[in-house]
Amino acid sequence: MSARIAAVNQRLGEACRRSGRSRDEVRVIAVTKYVSNETASEAFEAGLRHLGENRWPDAKTKLETVGARSEASPLWHFIGSLQSRKVKDVVGRFAYVHSLDRLSLARAIDAQAQQLGITVPCMIQVNVSGEASKHGLAPEELHAFARAVAGLEGIEVAGLMTMAPHADEAEAARPVFRGLRELRDELNALALLRRPALELSMGMSGDFEVAVEEGATWVRLGSILVGREEENA
Ligand SMILES: *Cc1c(COP(=O)(O)O)cnc(C)c1O
């Protein structure tokens, strides 16, 4: 685990240097969806504090066990597509939701957050590539959506999230990542939200360096960082 972490850190450092960014602008979410509770605990004990899961039923025992014997606790990120009926399980347990992609979901998160007296930091997921298989708003829907969500007190829009199409060449993802950055900048220039949305959640194992070069503030790394165990794959 520590060798993998060191290798990823080195590549992140180099991507930051190439693009003139400071290394502390980029944070890592260790995506534990392909690994056991034990491996997820190992990742946490190796110092990875931000952990990501994409399905509530699979995440449940990890949230209960990882860090349970430690003074620090992990900060969990919900990165998968979220059904409205799972909102009551996710809100209050996950520090961030990266997959806000429709108004009915926003209203459900807001209602649950208000009930708990909290505000949930969310990323709006945008389908920049336009692939039919991808979740997320179409780019042209973003402004109206942002205006609507700005009125929900239980949600703080922290930034935008996207997934690039799967490709052999990481470089193929660059226009998608650049597109998300431009959408974020436009959103903030128009001041459609209560406060600027600064985060860009983009980049996975196959394309994270390109994402960092294009401005990622959160990269979501599974296989390259914590590995992939067959029984969970
Ligand atoms: C699984 C997943 C990741 C991590 O995938 P890797 O390619 O293994 O790094 C990142 N983001 C989301 C939304 C995922 O579902």
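1. Strand S6 (residues 155-161) gives the most to the lining of the largest cavity in this predicted model, with three residues. The lining as a whole consists of Val149, Ala150, Ile155, Glu156, Val157, Leu193, Arg194 and Arg195. By class, that makes five nonpolar, no polar and three charged residues. The volume of the largest cavity is about 80 Å³, and the count of cavities of 30 Å³ or more comes to one.

2. Ile155, part of that lining, also belongs to the largest nonpolar core, which has 67 residues. Ile155 is listed with Leu100, Ile109, Ile124, Leu160, Val219 and Leu225 as the members that touch the most others in this core. Apart from it lies another core, of eight residues, including Val31, Tyr96, Met123 and Met161.

3. Leu100 deserves a separate entry. Beyond its neighbours within four places in sequence, Leu100 is in contact with Ile155 and Val149, and both of these residues line the largest cavity. The other contacts of Leu100 on the same count are Leu105, Ala106, Ile109, Cys122, Met123, Ile124, Gln125 and Phe145. Of these, Met123 is a member of the eight-residue core.

4. The largest pocket holds about 700 Å³ of space. Its lining runs to 36 residues, with Lys33, Tyr34, Met163, Met204 and Arg220 the closest to the pocket centre. The lining divides into 15 nonpolar, 12 polar and nine charged residues.

5. For the second largest pocket the volume is about 150 Å³. Helix H1 (residues 2-18) supplies the largest share of the lining, three residues. The full lining is Ile5, Val8, Asn9, Val28, Ala46, Gly47, Leu48, Arg49, His50 and Leu225, or six nonpolar, three polar and one charged by class. Leu225 is also among the core residues with the most contacts to other members.

6. Gly47, another lining residue of the second largest pocket, comes just after helix H2 and takes a positive phi of about 110°. Within H2 (residues 37-45), Thr39, Ala40, Ser41, Ala43 and Phe44 are buried. The buried residues of H2 pack against strand S2 (50-53) and helix H3 (56-65).

7. On annotation, UniProt lists residues 25-227 as "domain: Alanine racemase N-terminal", in an unreviewed entry. In the model this span is 33% helix and 19% strand, and its end C-alpha atoms lie 24 Å apart.

Terms used: Residues are numbered from 1 along each chain as its sequence is written. This is a predicted model: local features need pLDDT of at least 70, side-chain atom pairs count only at pLDDT 80 or more; totals for chains, interfaces and linings use all residues. Side-chain values use heavy atoms; hydrogens and water are left out. A nonpolar core is a set of buried Ala, Val, Leu, Ile, Met, Phe, Trp, Tyr and Cys residues joined through side-chain atoms within 4.5 Å. Buried means under 20% relative accessible area, exposed over 50%, partly exposed in between (1.4 Å probe, protein chains only). Contact means heavy atoms within 4.5 Å. Helices (H or I, at least four residues) and strands (E, at least two) are DSSP runs, numbered from the N terminus. On a 1 Å grid over the protein atoms alone, a cavity is a set of points where a 1.4 Å probe fits but cannot get out, and a pocket is an open set with protein on both sides within 12 Å along at least five of seven lines; lining residues have an atom within 4 Å of a point. Grid points are joined across faces, edges and corners, and a volume is the space filled by probe spheres set on the points. Ala, Val, Leu, Ile, Met, Phe, Trp, Tyr, Cys and Pro count as nonpolar, Asp, Glu, Lys and Arg as charged, and the others, Gly among them, as polar. UniProt positions are given in the numbering used here, feature names are shortened, and annotations may be inferred rather than shown by experiment.
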